[in-house]
Structures are given as C-alpha cells and as structure tokens.
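Thanks, everyone; I would like to go through one structure with you, beginning with its charges and ending at a single helix. Please keep the sequence and the model in view while I talk.

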Amino acid sequence: MAMQTKLPMGIENFREIRTGGFYYVDKTGLIKTLLENLGKVNLFTRPRRFGKTLNMSMLKYFFEAGSDVMPFDNGTLFEELEISKEKELCEEYMGKFPVISITLKGATGESFEDAKVMLRRIIGKEAMRFRFLLESDRIDDAERSQYEALVSMDKTGAFTMSDELLKDSLQTLSQLLQRHYGQSVIMLIDEYDVPLDKAYQSGYYDSMVELVRILFGNAFKTNDSLNFAVLTGCLRISKESIFTGLNNFKVYTVKDVRYKEFFGFTDVEVLQMLEYYGFSDQYDAVKEWYDGYLFGNLGIYCPWDVINYCGDLRDGSVTEPQNYWVNTSSNDIIRRFLSKADAAARDEIELLINGGHVKKMVHQELTYRDLDSDIDNLWSILFTTGYLTQDGKDEEGISSLAIPNREIRWIYVQQIRKWFKDESRKDTRKLENFRRAFEGNDTAAIEKEFASYLRKTISIRDTSVKKEMKENFYHGVLLGLFGNMDGWKVKSNAESGDGYSDISVEVEDQEIGIVIELKYAEHAAFDIACKEALEQIHDRNYAEALIDDGMKTIYRYGIACYKKRCKVVTE
C-alpha cells in the first residue's frame, strides 16, 4: 500500500479513503475470509466505532458492478491491498454483482410513523441509485411500474411507497436488479438493530419488530434473487424471530475467533500507524487508553480513538490522549445499570473500576425487552456494546469481564457522578443537614454526612491509579452534592491568591465564604493529609478572592479521604 498522508477522521466511505490520499489500515482480508466461509446471511456484531461501516463500504466497492464505482474501477481501489493477491478470487467476484447497500442507522423516529418515513427514505434513496432500470430492456412494463413505485415521491420530497410495498421493497429491488444484470444480488445492511433500539426507547417496539421481521423475511428467506447478505449491528437479536427459518445463517460476535482481526486495530497495526506519523513515543499511552478489547483471542484497539488521537497530535491540538468514544453515544446503558443495581452490583462495578474483574454468564441473544427484566442481562449488554470486555473464561462458560481501558473507565466514573448527584438530590433533609454543617463550621457533622454519602457511592481505590485521580473522584462527589445547594455560588479549581483552590463557595445571603482543599490520605494517614490541605489553603492564600467578593466570614476546610472514610478539619 502506498503510504498515505492524511488521517481518515470520521470518513467511512472506502472509495473516498482510497482515492483521497488517506491512510488505510488494510482490512480487505475480510473479503477472502467471508467468501471462504459464506452463509446465506452473515451477521457481524461489534461495539460502535469499530469499523463496521467502513468494512461494509469496502464490500460494496469490491463486489459491485456498474457505474457507481466510476471513474475509479474496482481494481484501482483495491490495488496493492491484501485482497489483490488473490487473483482468481478477484477475477471471479470483483465488480461482478449488483449490490444493495443501506444503513438503518437513521431509520428512527419518535413514533412508528416517523420511523417508517425514514425507512422509506433510506430504501427509496438506495433504489434511486439504479435509475437506469427505467430504461432497461431486460424488465417489462409491470416491473418498471414496480420500480417507479419504489422511487415515487410527493411534492415535499417524501417517498410515497405504501406499507405493503415497504415490506417487499428490498426483495422487489433485488428481483429487478437480478433481471437487469442476469446475476443475483448481494445485500449489505449496516446497523440493522438501530431501529429496534429506538423503537424500544420510544414505545413502538412491537410494531417495529413486526415490520423488520417481514422486511427481512422477504429479503432473505423467500428471495430467490439473493446471492448472500451481510449485516452488522451491536446486538444479536434472535429471540424476536426476525431471522426465523433462515438456513445457513451465520453470526459472528466478539467471542468468535474467525474475523477477529477485521474489526478494530491490532497491536501491529497501531504500531505501524504511530511509527508512520512519528508518534511511536505515544504507544504506551495509546495502549493504556484505547486497547484492552479481546475479540476471540486477539487484543484489539478501538480504531475511532486511535485515528482521532493521531489526527489531533498531528495538528497540535492535544498532547495526551482524549476521550473520543464518549461523544459518539449517550452512554445511557451505564446509567440504566446503575439505576437498577443493588448494593452487590454496585460493589461489582466498584471492583471493575478499581482494576478487577467479575465473572458473569454472557447472554448474546437478547431482545430489547430483556434489557430491563433482569440486571444480569444488563451485564451482557455492557459486554456486547463495548463497555466491558472478556479477559478469560472458566470451564463452565462463565465469562471473566473487565473494563477494557482507561477511556471506558473514565466514562464509568463520569456516569457514576451524574447518577450519584441525581440520587442524592432525592433526600432533601440529608442535603439540608450537609449544607448547614458547612455554613455552621460543624466539622463533626460534615465528616459524618460526607462519610455517609461515600458509603453509598462507588469509590476509586485502585492502587495503580495516581493520587491526583483519586482526589479528583472525591472532588467530583463533593461538587455533585454542592450542585444541589440552592443559593450557593460554587467554583471548582478557581484561581485565588497564589494558585487554584479545589472548591470555593460563596453563600451570599449570609456573607459566608468557604474554601475546601481535598487530599487523598495514603494508607489512611488522615491527620497528615488534613494538615497538608490546611497549610496549602493558608500558604497559597486561597481565601483572597472570597474576601475580595465581600464575604465577611471565611471557613477553611481540609478534607482527607481514604476509601469510604473521611476526616474534616477547619482553621
């Protein structure tokens, strides 16, 4: 492969990468493996942002015949890539098939009707790629009318196909393409499970399940024009009977050894990329933040993270790893888990955050209805969606699960903080006692209430975590509690005097200023940590800004924390 100069940040179109001078990590070996192990319908489940969409685009441009690949023919796109070494295979399959390629990522809506509008749009736009069917002398007038119905739009540009035609649409389009090309169709459906996820969240799940079952049944089960299909998604949905009756249906999950290297980046691929861009010195940091997934028996990095970090390093916008994956989803699954977790489950999450592992039976075949029926199912969803990974398996088939890397661990911590803030808000009397303790300079009460809160949350005590990160956790817990205090003006890491205080508070109606410095008490050395905190407040004159703002009474608190205990002193 000719070395590329640009990084494909956010680009998921194979042709654009190959013709636009972008760096490409060669995953074309997927084509050979697929053809050697072909099922009628092949489903790949992987977490989001692991290259599923780019691989589907690659398959499209390899197999597809017709003008859509012009002006760069298939051979040019795959020149010098791994698959080009397979001369006989390329001769037999490259550019020889009609291909229907859609993503169902956008087939969503707040209502079932809205979702159907979007599904019509997705399939209708794909059908419009084949406008040459209107002029084809290989289809008759009745078939031409069928095609016209697929692409018909009203004055607003909305596709008008009926519900019945929508259910038949993929089958109908494949039949028309087979008639024109004299060759059966390859069908690629990316993000197949997104419509079901959205339907579950929005309350029209049963209706969407029925529609998808019929749409897929017609496309895959009773479709003589289908050569084979490839689908991708995060979850394997089998109990819904969406794929009932399919012969030669193959599913490949993160637990399977086959195809393990084709989604995500391997260690060798990451090393090569870092070396090419001159960032080899960042290898350890990249591994700590973005590695840790185990697909089959192979360690895998999240490609979205690695590419974005390399891109940001190149343009000088960052100097250390960032959280890229967190911005691609709402991470609601963690909040859902925390809301259902009992004390034992919260202890298990705490164990995971602190570098441990838990053993669970992973159920890979779930319905969206199953998600909330049993917390054990949520463990399985955390695994299949990439928030946990396997780090081994015992003889009974129980999976050993762990948090894969530092980035995902950071997501857990952030979600725990939000959950804790919401939970603590519910007990208004307890919050009021906590507030009065600070305003009254009652260190015993502060200590008692804060320790009570710490026992209810999930703490960080991993010995491999830096002291600063542990302090940041307690800092976050306290800020979450203070965020519920009406009338308090709270600042975090605000510049004051000769530095930045951890937390400062102005209680304006009482003209009270509060300065707090938090320390992690290594080996439970509370007195030493508290003394250090107070000395820092005094030596760096953290109270100066509060005095300048007119606060008449100043309370200075040194708070030391260790595991779920704390000590509070005042000056």
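For the charges, Lys and Arg count as positive and Asp and Glu as negative, with His and the chain ends left uncounted, and each charge is placed at NZ of Lys, CZ of Arg, CG of Asp or CD of Glu. On that basis, the 74 positive and 93 negative charges of the protein chain have mean positions 3 Å apart.

This is a predicted model, in which local features need pLDDT of at least 70 and side-chain atom pairs count only at pLDDT 80 or more, while totals for chains, interfaces and linings use all residues. Residues are numbered from 1 along each chain as its sequence is written, and side-chain values use heavy atoms, leaving out hydrogens and water.

Of the 571 residues in the protein chain, 54% are buried, meaning under 20% relative accessible area with a 1.4 Å probe, protein chains only. The secondary structure amounts to 22 helices and 15 strands, taken as DSSP runs (H or I of at least four residues for helices, E of at least two for strands) and numbered from the N terminus.

Now to helix α12, residues 283-290, where Tyr283, Val286, Trp289 and Tyr290 are buried. Viewed down the axis of α12, these buried residues lie within an arc of 140°, so they line one face of the helix; the arc is that of the directions from the helix axis to the C-beta atoms. They pack against α11, β6, β7, α13 and α17, contact meaning heavy atoms within 4.5 Å. Just after α12, Gly292 adopts a positive phi of about 105°.

Conventions
Buried means under 20% relative accessible area, exposed over 50%, partly exposed in between (1.4 Å probe, protein chains only).
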